[in-house]
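The exercises below concern sheet topology and charged side-chain pairs. Work through each task with the model open before reading the solution.

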Amino acid sequence: MSRVQPVSRRRRRLLPAVLACVVVLATPVAANAAVASGGADDAVSDQATGGRDIVHVDAAFDGAAGSLTATVTFREAPSATANAFLGIIAAPPNSTGTCDTSGAFTVLGTALDPATTTALWQPSTATTSQPAVRSASGNAITIAVTDPSLVGVDRRCIRVSTSADGSSSTTYDRLDADLVLSTPAPTPTPAPAPAPTPPPTPAPTPAPTPKPKPAPVLAVTVKPLAEVKRGRWRAATVKVRNAGSASAKKVSLKLGTLPKGVTVSPARKTWSIGTLKKTTSRSFHLRLKASAKAKASSSVEFTASSTKGVAKAKATAVLTIKGAKTTTTGGGGGPTPTTKTNPNSLAGQYFAKSDYNAITGMIFSGYFFVSDTWAYRGIPEGGAPDCTSRTAGVDERGNPTDGCVPYTYDAKTKQVTVDGVAGTIGGDRDWNLTVDGTTYGEYQIPAPGSRYSTQLHSISSFGLYPNQTFSNIDLTLTADGQFVRGVAVSSTTGGGTDYQVDVTSIPADKRGTYAITDHARLVLAYADGHVVTYTIGIGQDSKDPDPPSPGRDALLLDGAYYYSG
């Protein structure tokens, strides 16, 4: 059965043309001479990654001076691994208390990476993007701009969101409701003193900069494991760290369900840590062993949690059997390893599609079928989710949110119903999913232990065409299980398809070893000790008879789209 890749190379070339349809209009409106300001809170932990999770926004606009300032506070300080952008839209408010983007508005943005020191903004009266002032303090990032084009216009409505840094992106978090800035009532003029000379008018006291509320932030790391022989113990160190600004209480470390044939010593499921003060950590020394029944590559997951309000943190230890045959150079890893016993099941099938957004580029949506009766609506992060009950709903605007939803499927009629909405399997392609008139192409899940030899790219864009800024992220995978991310590597040997990487010349935070495990996980174990896990899917055109390969087709990692060439 052939597969479909929904985003062709031809569509990638059309990105500037698509974005050209978005035009910023310049329509001056009357502005109050006084400064309009305000602040708003956002729900804590409505985004799993603390460095992307917006918790508070403060903003001020001076229509007379033409100045705009916005400070966004996150649950934890953004890091380079957040791989995200901060986007801010300033527009006139409409009668419903939301931002009116049908006319003139202003866009500001910057990468969340702390190494970034620049920001951009799009003025209404200019033809190119302009630099803005960016500053960061603790968990907060501030973007400020002063320009004559902002004099006499209305920019008192603020909309804030964080989104992926790739051209294939998705929104991570956004302010619960648009923030409409207000102008304070004028202070009554005091009656003149009886003295012949009136006292001088005191200078206004500047508003204090809000400080982020102290909060604990948990992080888990696992010391990378070397290959192990079957029946031999291999040592591992699991570290739980509080990287936040307040103590974490009732902290515990939990061992996930062990894969078949894997044993952990000491044989415990939970370790009680108690109170973990800020910037402190606890380490646990364990041993893992794989028997003859274990797979060539097995993943053991550890989860740290604290009291309510503190997001959970996870890390994965990958146990690879020495000498086991797992390499598939240049080709595909094969279909989803799930053995289906129910013909009316879509378990293990992954479908996605892309749309374009003028601010964040390509945005992916989709469905991941995780069992015979449950599917995940959205693009899962960190591997296939566990769905046993409904977790999806609707937001304040009535739009469906990501999460687990029920589904049914009839293999004979190819009719599918997802969350009560009718759809079909098939159509104009051999293997498409169509729900409520929207078509999604399938992404293959590679078999655990698969390896590849390829170099891929992910292009990110910011701004409105023709005023855009582009950046490129490179991902190199080698047949011997090594990777390089964020550094261009172009050397080849032989026929030019096997990539040989001199990792000794690349920084430890850009390289390491990778493993494709069960539950659609790509685990990147960096040489500096941190581990990042992605949901992996490989696209394929339905007319291509060969197995799917990221070097020939495309790779979807969480919401980021990678391609070769």
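**Exercise 1.** In what order do the strands of the open sheet that holds strands 13, 14, 16 and 18 lie, and which strands are at its edges?

Solution. The model is a predicted one.
- Step 1: Tracing the pairings gives an open sheet of 4 strands in the order 13-14-18-16, with antiparallel pairing.
- Step 2: Strand 13 (218-222) and strand 16 (262-265) are the edge strands, since each of them pairs on one side only.
- Step 3: From one strand to the next, the twist averages 25°.

**Exercise 2.** Find how many bridges join strand 13 to strand 14, and name the bridge partner of A219.

Solution.
- Step 1: Strand 13 and strand 14 (residues 233-242) run antiparallel and are joined by 5 bridges.
- Step 2: A219 has R241 of strand 14 as its bridge partner.

**Exercise 3.** Describe the open sheet that contains strands 15, 17, 19 and 20, and explain why one side of strand 17 and of strand 20 lacks a neighbour in the sheet.

Solution.
- Step 1: The sheet is open, has 4 strands in the order 17-15-19-20, and is paired antiparallel.
- Step 2: Strand 17 (270-276) and strand 20 (313-320) stand at the edges; each has a single partner strand, so one side of each has no neighbour in the sheet.
- Step 3: The twist here averages 20° from one strand to the next.
- Step 4: Strand 19 (residues 297-305) runs antiparallel to strand 20, and 8 bridges join the two.
- Step 5: One residue pair to check is S298, whose bridge partner in strand 20 is L319.

**Exercise 4.** Locate the salt bridge between R52 and E381, and state whether each residue is buried or partly exposed.

Solution.
- Step 1: A search of the whole structure yields 8 salt bridges.
- Step 2: In the one between R52 and E381, the side chains meet at 3.5 Å, N to O.
- Step 3: The pair links distant parts of the chain, 329 residues apart: R52 is in the loop between strand 1 (36-41) and strand 2 (54-62), while E381 is in the loop between strand 23 (374-377) and strand 24 (403-410).
- Step 4: R52 has a relative accessible area of 8% and is therefore buried, the cut-off being under 20%.
- Step 5: E381, at 34% relative accessibility, counts as partly exposed.

**Exercise 5.** Which residue forms a salt bridge with D53, and is D53 buried or exposed?

Solution.
- Step 1: The partner is R75, with the closest N and O atoms 2.7 Å apart.
- Step 2: R75 belongs to the loop between strand 3 (67-74) and strand 4 (84-91), and D53 to the loop between strand 1 and strand 2, 22 residues apart.
- Step 3: R75 is buried, at 8% relative accessible area.
- Step 4: D53 is also buried, at 0% relative accessibility.

**Exercise 6.** Strand 19 carries E301. Which residue of strand 35 forms a salt bridge with E301, and which residues make up the network they belong to?

Solution.
- Step 1: E301 pairs with R521, and their closest N and O atoms are 3.7 Å apart.
- Step 2: R521 is in strand 35 (residues 521-526), 220 residues from E301 in strand 19.
- Step 3: E301 counts as partly exposed at 22% relative accessibility, whereas R521 counts as buried at 13%.
- Step 4: Salt bridges with shared partners join E301, D518 and R521 into one network.

Technical notes: Residues numbered from 1 in each chain as written. Predicted model: local features only at pLDDT ≥ 70, side-chain atom pairs only at ≥ 80, totals over all residues. Heavy atoms only, no water. Pairing = 2+ DSSP bridges. Axes fitted to C-alpha atoms, helices over the stretch in contact; angles between N-to-C directions. Salt bridge = Lys/Arg side-chain N within 4 Å of Asp/Glu carboxyl O. Buried < 20%, exposed > 50% of the residue type's maximum accessible area, 1.4 Å probe, protein only.
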